[in-house]
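Reader: Hi! I'm new to reading protein structures, and I'd love a close look at one part of this one. Could you pick a spot and walk me through it?

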Amino acid sequence: MEHPDMNRLLDYVDVLVDGPFVETLRDVHLLCRGSSNQRLVDVKKKHSRFGCRMEW
C-alpha cells in the first residue's frame, strides 16, 4: 500500500531506528540505538536499491 505522506517524509530521512526501546536490552555501546532489539535502516540505500519508493 502506498502512503504518499510517509514517502514525502522519508525524503528527509537518511537513517531510521526501527523497533521499540527495551530497557532489559539496553546497550550504551550500540551506534545510534538504545537497545539491541533495534535495527538501523539505511533509508537512502533502500530507496536507491529498489529504484522506487518504499511501501509501508
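Author: Happy to! Let's begin with the whole chain: among contacts between residues at least 6 apart in sequence, 46% join residues at least 24 apart. Please keep in mind that this is a predicted model. Along the sequence the pattern is α-β-β-α, with 2 helices and 2 strands in the chain. Of the 56 residues, 16% are buried.

Now for our close look, at the loop between β1 and β2, where S35 is found. S35 counts as buried because its relative accessible area is 0%, and the cut-off for buried is under 20%. What does S35 touch, leaving out residues up to four places away in sequence? Its contacts are P20, F21, V22, L25, R26, D27 and L30. V22 deserves a second glance, since its backbone nitrogen lies 3.1 Å from a polar atom of the S35 side chain.

C32 sits in the loop between β1 and β2 as well. Here the relative accessible area is 59%, so C32 is exposed. The backbone of C32 also has a positive phi of about 60°, although C32 is not a glycine. That is worth noticing because most residues other than glycine have a negative phi.

To finish, look at strand β1, which covers residues 15–18 and includes V15. On the surface, V15 forms a nonpolar patch with V17, L31 and L40, and together they have about 340 Å² of accessible area. The accessible surface of the chain comes to about 4,500 Å², with 58% of it belonging to carbon and sulfur atoms.

Methods:
Residues numbered from 1 in each chain as written. Predicted model: local features only at pLDDT ≥ 70, side-chain atom pairs only at ≥ 80, totals over all residues. Heavy atoms only, no water. Patch = residues over 30% accessible without salt bridge, like charges linked within 9 Å, V, L, I, M, F, W, Y side chains within 5 Å. Areas by Shrake-Rupley, 256 points an atom, 1.4 Å probe, with all protein chains shown as cover. Salt bridge = Lys/Arg side-chain N within 4 Å of Asp/Glu carboxyl O. Helix = DSSP H or I, 4+ residues; strand = E, 2+ residues; numbered from the N terminus. Buried < 20%, exposed > 50% of the residue type's maximum accessible area, 1.4 Å probe, protein only. Polar contact = N/O pair within 3.5 Å; in protein donor to acceptor, adjacent residues only side chain to side chain. Contact = heavy atoms within 4.5 Å.
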